[in-house]
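Trainee: Could you take me through one part of this model slowly, the sheet and what surrounds the ligand? I would like to see how the pieces connect.

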Amino acid sequence: MEFLPFTRPSLDEETIAAVTEVLRSGWLTTGPKARELEAALSHYVGGRPVRVMSSATAALEIALRIAGIGPGDEVITTPLSWVATANVILAVGATPVFVDVDPASRNIDLNKLEAAITARTRALLPVDLAGLPVDRDRLYEIAHRHGLRVIEDAAQSCGANWNGRRIGSLGDLVSFSFHANKNMTSGEGGCLVLNNEDEACLCEKLRLQGVTRAADNTMDVDVLGGKSNLTDIAAAIGLGQLKQLDSFNARRGELAHLYFEHFDRTLGCDLPLSDFSNGNWHMFQPLLPLASMRLSRSDFIEAMRAEGIGVGVHYPAMHLFTLYRRLGFAEGDFPLAEDIGRRTVTLPLFPAMRDADVLRVCETVARVIKSALV
Ligand SMILES: Cc1ncc(COP(=O)(O)O)c(C=O)c1O
């Protein structure tokens, strides 16, 4: 039987032809396609300025710099995310402060967040895990009351919305990822949604060596920038994907519905929150009933793989990585994130999947777990 990966991008012939056209054009690096993608993304998020980057990691780091965050500042975030989320805080010399997650949404617990705010807190950096948005009303109410910037790590929530408003169309600085596994991809890439043209101008400098060019062909550098521009090759892929993002997400929603319909509820797995109004179903992640299983998570993944089904892990709680332990974090600091991080598995979910694939995954999960229940 054909191997079913946990995710796979859908690239149509039109997109492949557009990439070929760029390759033939003689202009490969940042150029007309990157600008076209920025305009299309800006339109998608209601007209706010958008700048594209080589990754969302770069977009997040640039967002922190635009917000003026550096040494001595604290940034509050979640321990349950891809490690880029906290790495960028360290990269600008600031201090990550973790707050445990809400077990239902698996996102930062807004009920616990305020207790972590100190005189040094400068920003909140929430993550929409699996594309399920953090409550934007409460988030911004807290941020405004404490005078904090918000850098939304919306890497996974492209095309999701908050009560009918698209993620990116509201709020402060918002970063999306176009990594190959995301709901829309440019191979690698990302973007930052900004508040105004001044921020957009600073963003352009920070992504390319701090350079500004004047109309008389002179050049200046007044800020230290890096190198994180997006190529036109990648932008052509992104343009093809953005056109299909809403239909991709609609298909993801149908597949998630099927998962809820067919998943065996007697297995003891904890299923994700069944949200079909805000989220974009970036991932479908049950938590394994490890305490009542003779298999480890790794054994489970291997058993599924042997049946031709790919399973991912997104993510172990990041404060337990060596780098973060060295900063003083330890086991038990954020028990809910740790528990989810140990038990989570990402089952196949991508737009090209057939309905029958979901049924096959559900049957196989049930068989593997039942054979291992104590
Ligand atoms: C939550 C989250 N934040 C940040 C990133 C970083 O994105 P990129 O790989 O585009 O740098 C990712 C990508 O995996 C992510 O899932």
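**The sheet and the ligand site**

Mentor: Gladly! Let's begin with one pair of strands: β5, residues 149-153, and β8, residues 173-177, run parallel and are paired over three bridges. Keep in mind as we go that this is a predicted model. Within that pair, Asp153 sits opposite Ser175 of β8; hold on to Asp153, as we will meet it again at the ligand.

Now step back to the sheet as a whole. It is an open sheet of seven strands with mixed pairing, and its order reads β1-β9-β8-β5-β4-β2-β3. The edges are taken by β1 (50-53) and β3 (95-98); each has a single partner strand, so one side of each is left without a neighbour in the sheet. On average, neighbouring strands are turned by 25 degrees against each other, direction ignored. As a general reminder, strands of a sheet pair through backbone hydrogen bonds, in either a parallel or an antiparallel sense.

Next, the helices. Helix α3 (residues 56-66) lies across β1, β2 (74-77), β4 (121-125), β5, β8 and β9 (190-193), and its direction is at about 170 degrees to β8. Helix α7 (residues 197-207) also packs on the sheet, where it touches β1, β5, β8 and β9, and its direction makes about 10 degrees with that of β1.

That brings us to the ligand. It is surrounded by 15 residues, the closest being Thr57, Asp153, Gln156, Ser177 and Lys182. Three side chains from this group are worth inspecting for their polar atoms. An N or O atom in the side chain of Asp153 is 2.7 Å from a nitrogen atom of the ligand. For Gln156, a side-chain N or O atom is 2.9 Å from a ligand oxygen, and for Lys182 a side-chain N or O atom is 2.7 Å from a ligand oxygen. Of the 390 Å² that the ligand exposes when taken alone, the protein buries 94%. Helix α3 returns here: α3 and α4 (84-91) are the elements that give two or more residues to the shell around the ligand. By character, that shell divides into six nonpolar, seven polar and two charged residues.

Before you go, look at two backbone details. Gln209, in the loop between α7 and β10 (211-213), has a positive phi of about 60 degrees although it is not a glycine. In the loop between α9 (297-306) and α10 (322-326) you will find Tyr315, joined to His314 by a cis peptide bond with omega about 15 degrees. For context, most residues other than glycine have a negative phi, and most peptide bonds are trans.

Conventions. Residues are numbered from 1 along each chain as its sequence is written. This is a predicted model: local features need pLDDT of at least 70, side-chain atom pairs count only at pLDDT 80 or more; totals for chains, interfaces and linings use all residues. Side-chain values use heavy atoms; hydrogens and water are left out. Two strands pair if DSSP finds at least two bridges between them. Helices (H or I, at least four residues) and strands (E, at least two) are DSSP runs, numbered from the N terminus. Axes are lines fitted to C-alpha atoms, for helices over the stretch in contact, and angles run from 0 to 180 degrees between N-to-C directions. Contact means heavy atoms within 4.5 Å. A residue is near a molecule or strand if one of its heavy atoms lies within 4 Å of it. A polar contact is a pair of N or O atoms within 3.5 Å; within protein, one must be able to donate a hydrogen and the other to accept it, and residues adjacent in sequence count only if both atoms are side-chain atoms. Accessible areas come from the Shrake-Rupley method with a 1.4 Å probe; for residues, only the protein chains shown count as cover. Ala, Val, Leu, Ile, Met, Phe, Trp, Tyr, Cys and Pro count as nonpolar, Asp, Glu, Lys and Arg as charged, and the others, Gly among them, as polar.
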